[in-house]
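Student: Please take a close look with me at the salt bridges in this model. I would like to know which residues pair up and how that part fits into the wider picture.

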Amino acid sequence: MIDEELWRTGIAALAREYGALSPTLRERVVDLAAQVREAKQAIHDCVATVNACGICADCGGECCARGKNHVTVIDLLVYQVEGRELVSPRFDHDLCPYLGENGCQMAPSYRPFTCIIFNCDRVEGLMAPAEKDRFYKAEHRLRAVYGEFEKLFGKRFMAGLLITCERDLVRQGATLLGMGSSGTKEN
Ligand code: SF4
Ligand code: SF4
């Protein structure tokens, strides 16, 4: 499958699998998704104090050249939980498919884990020690919530959606979340 097909297949599977979760599991996912959003926003608020958006706009998004596999099942599950409209990736160029005319198409609190926690020296070098401390505490919280998702589903999620889709759905005929069609754990 080409990337565009993997994306479409993965998104459809995630919607289906999320819809099939038991009410208890879904409640927990909704709670964790809110924690992901809160921690990502807290991380972004720290870099906003040094005008990271302006610095990144001047730089032109050097670190966004290769983001194709940064978007994970968990990042997309947050969209799913909120019924939020997804971005439209472009797989017809060499840059990150989620990069738009004005930078990342995803709002900071929805950006992939790998992207939201990364700062180059141009940004980090301007942050005051107290701000850095807040940043690393929020990163620690975010990492812990991703860990909770992995415990909940008994599965690692740090590979990108396209990789997970190809490996689990296409090659193994399994599911993205590691659940059976009845919303229970696959073995
Ligand atoms: S984090 Fe650094 S490398 Fe990445 S876009 Fe911003 S200024 Fe550029
Ligand atoms: S997903 Fe967004 S922040 Fe991450 S590399 Fe792509 S454009 Fe950059």
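Tutor: Happily; I begin with some conventions, go on to the salt bridges, and then turn to the ligands and the overall build.

Residues are numbered from 1 along each chain as its sequence is written, while chains are lettered from A and ligands numbered from 1 in the order in which they are written. This is a predicted model, in which local features need pLDDT of at least 70, side-chain atom pairs count only at pLDDT 80 or more, and totals for chains, interfaces and linings use all residues; side-chain values use heavy atoms, with hydrogens and water left out.

Side chains of opposite charge can pair when their charged atoms come close. Here the count of salt bridges is 16, where the term stands for a side-chain nitrogen of Lys or Arg within 4 Å of a carboxyl oxygen of Asp or Glu.

Let us start with Asp75 and Lys40, whose side chains form a salt bridge with an N to O distance of 2.8 Å. This pair links distant parts of the chain, 35 residues apart: Asp75 belongs to helix H4 (residues 73–82) and Lys40 to helix H2 (residues 23–48). Helices (H or I, at least four residues) and strands (E, at least two) are DSSP runs, numbered from the N terminus. Asp75 and Lys40 are both buried. In these terms, buried means under 20% relative accessible area, exposed over 50%, and partly exposed in between (1.4 Å probe, protein chains only).

Next come Glu62 and Arg122, a salt bridge whose closest N and O atoms are 3.2 Å apart. Glu62 is in the loop between helix H3 (52–59) and H4, and Arg122 is in helix H6 (residues 121–124), so this pair ties together parts that are 60 residues apart in sequence. Glu62 counts as exposed because its relative accessibility is 56%, whereas Arg122, at 41%, counts as partly exposed.

Arg90 and Asp92 make another salt bridge, with 3.1 Å between the closest N and O atoms. Arg90 is partly exposed, its relative accessible area being 41%, and Asp92 is exposed at 59%. Salt bridges also join Arg28, Asp31, Glu148 and Lys151 into a network.

Glu62 and Arg122 lead us on to ligand 1, since both belong to its surroundings, along with Ile55, Cys56, Cys59, Gly61, Cys63 and Cys120. To be counted there, a residue needs a heavy atom within 4 Å of the molecule. H3 supplies the largest share of this shell, three residues. By class, the shell holds five nonpolar, one polar and two charged residues. In that scheme Ala, Val, Leu, Ile, Met, Phe, Trp, Tyr, Cys and Pro are nonpolar, Asp, Glu, Lys and Arg are charged, and the others, Gly among them, are polar.

Around ligand 2 you will find Cys64, Gly67, Cys96, Tyr98, Leu99, Cys104, Pro112 and Cys115. That shell divides into seven nonpolar residues, one polar and no charged.

A few single residues help fill in the scene. Asn51, in the loop between H2 and H3, has a phi near 55 degrees, a positive value in a residue other than glycine; Asn51 is partly exposed at 47% relative accessibility. Leu142, in helix H7 (residues 129–153), is buried at 0% relative accessibility. The C-alpha atoms of Leu142 and Val78 are 13 Å apart, with their positions 64 residues apart along the chain. Ile116, in helix H5 (residues 113–116), is buried with a relative accessible area of 8%. Between the C-alpha atoms of Ile116 and Glu148, 32 residues apart along the chain, the separation is 18 Å.

Finally, the overall build. The protein has eight helices and two strands, and from the N terminus on its elements follow the order α-α-α-α-β-β-α-α-α-α. Its radius of gyration is 17 Å, close to the 16 Å that the globule rule gives for 187 residues, so the protein is as compact as a globular protein of that length; the radius is taken over C-alpha atoms, and the rule is 2.2 Å times the number of residues to the power 0.38. Along the principal axes, the C-alpha atoms fill a box of roughly 50 × 35 × 25 Å. Of the 187 residues, 43% count as buried.
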